[in-house]
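Hi,

Here is the structure I said I would pass on. Have a look at it first, and then read my notes underneath.

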Amino acid sequence: MSMIYFLISLIIWSNGRAGVIISAEAGTASFAQILNGSCINSFDRYDISALDCQTCDPAANKAVSDDGDLCTCADGYKKVQDSGTSDLFQFTCTSCLSSEMAATQDRSRCMFCQNSTSSLDTNSGDCVCRSDNHVLVEKDEAGNWLANKTCVACPTNTKVLSSNPYECAACSHPDAEMG
């Protein structure tokens with residue numbers, strides 16, 4: 001299997017100043033994630049339409065989304081659409097932690113942690129599995145929301161990703177074993 005690489009070269013003119021030339025490997029990051037590197041603060045995202053950095057207001061419990069494209073709610077908070085608007089960018093963030101709940105990955109709702117398998121971590125704003133090599137689950141196989149966030153064991157020869165407690169990953173080398 002061959003790897004395909006590409007180079008993105010772009011000079012961004014914003015507010016009368018030149019930006020940087022950007023290079024990327026295919027499949028490693030979204031265009032917005034690459035451009036976010038030109039924003040100074042960790043709570044800024046690069047708005048491609050405005051060609052400028054836009055702030056995701058931390059005082060309003062907002063943060064940059066994982067893909068770098070949008071503002072979302074910070075860990076432990078859910079999105080509540082502002083009344084009287086259909087604009088998806090107009091929302092407030094409401095604490096799930098105040099109800100001893102965790103926000104879902106998409107920040108659309110709050111869920112309790114299933115006490116038998118997980119507990120609420122107020123630092124991360126999410127549930128934490130009590131057993132090793134267990135992954136957090138919010139939905140069933142059909143895509144329906146569960147009553148509570150729960151933990152299930154990862155399949156054989158996979159491990160929970162330290163960067164994502166919702167995903168089990170297999171070792172990339174066929175002769176290696178997860179240890």
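Below is what turned up, going from the sheet to the ring contacts, the disulfides and the pocket.

One thing to keep in mind is that this is a predicted model.

Let's start with the open sheet. It has 4 strands in the order S9-S10-S14-S13, and the pairing is mixed. The edges belong to S9 (102-103) and S13 (134-139); each of these has a single partner strand, so one side of each has no neighbour in the sheet.

How do the inner contacts run? S10 (residues 110-113) and S14 (residues 145-153) are parallel and joined by 2 bridges. If you want a spot to zoom in on, Cys113 stands opposite Lys149 in S14. On the other flank, S13 and S14 are antiparallel, with 5 bridges between them, and here His134 faces Ala153 of S14. S13 and S14 also make a hairpin, with 5 residues in between. Look at Gly143 in that turn: its phi is positive, about 90 degrees.

Close to that hairpin in your viewer list, try Lys139 and Trp145: the charged end of Lys139 sits over the Trp145 ring, 4.5 Å from the ring centre. There is another contact of this kind at Phe91, where Lys62 lies over the face of the ring at 4.3 Å from its centre. As for rings meeting rings, searching the whole structure gave 0 aromatic pairs.

Now the cysteines. How many disulfides does a search of the whole structure find? The count is 6. The one I looked at joins Cys56 and Cys71, with 2.0 Å between the sulfur atoms. This link is left-handed, at -90 degrees about the S-S bond. Cys56 is in the loop between S4 (52-55) and S5, while Cys71 is in S6, so the disulfide ties together parts 15 residues apart in sequence.

Last, the largest pocket, which holds about 460 Å³ of space. Which residues lie nearest its centre? They are Asp66, Asp75, Thr104, Gln105 and Arg107, out of 24 that line the pocket. Strands S5 (62-64), S6 (71-73) and S16 (164-170) are the elements that each give two or more residues to the lining. Split by class, the lining comes to 9 nonpolar, 9 polar and 6 charged residues.

S6 is worth a second look while you have the model open, as it contributes to the pocket lining and also carries Cys71 of the disulfide described above.

Cheers

Conventions. Residues numbered from 1 in each chain as written. Predicted model: local features only at pLDDT ≥ 70, side-chain atom pairs only at ≥ 80, totals over all residues. Heavy atoms only, no water. Pairing = 2+ DSSP bridges. Phe/Tyr/Trp six-rings, centres within 6.5 Å; stacked < 30°, edge-to-face > 60°. Lys NZ or Arg CZ within 6 Å of the ring centre and 35° of its normal. 1 Å grid on protein atoms, 1.4 Å probe; cavity = no way out; pocket = protein on both sides within 12 Å on 5 of 7 lines; lining within 4 Å. Points joined across faces, edges and corners; volume = space filled by probe spheres on them. Nonpolar A, V, L, I, M, F, W, Y, C, P; charged D, E, K, R; others polar. Disulfide = S-S within 2.5 Å.
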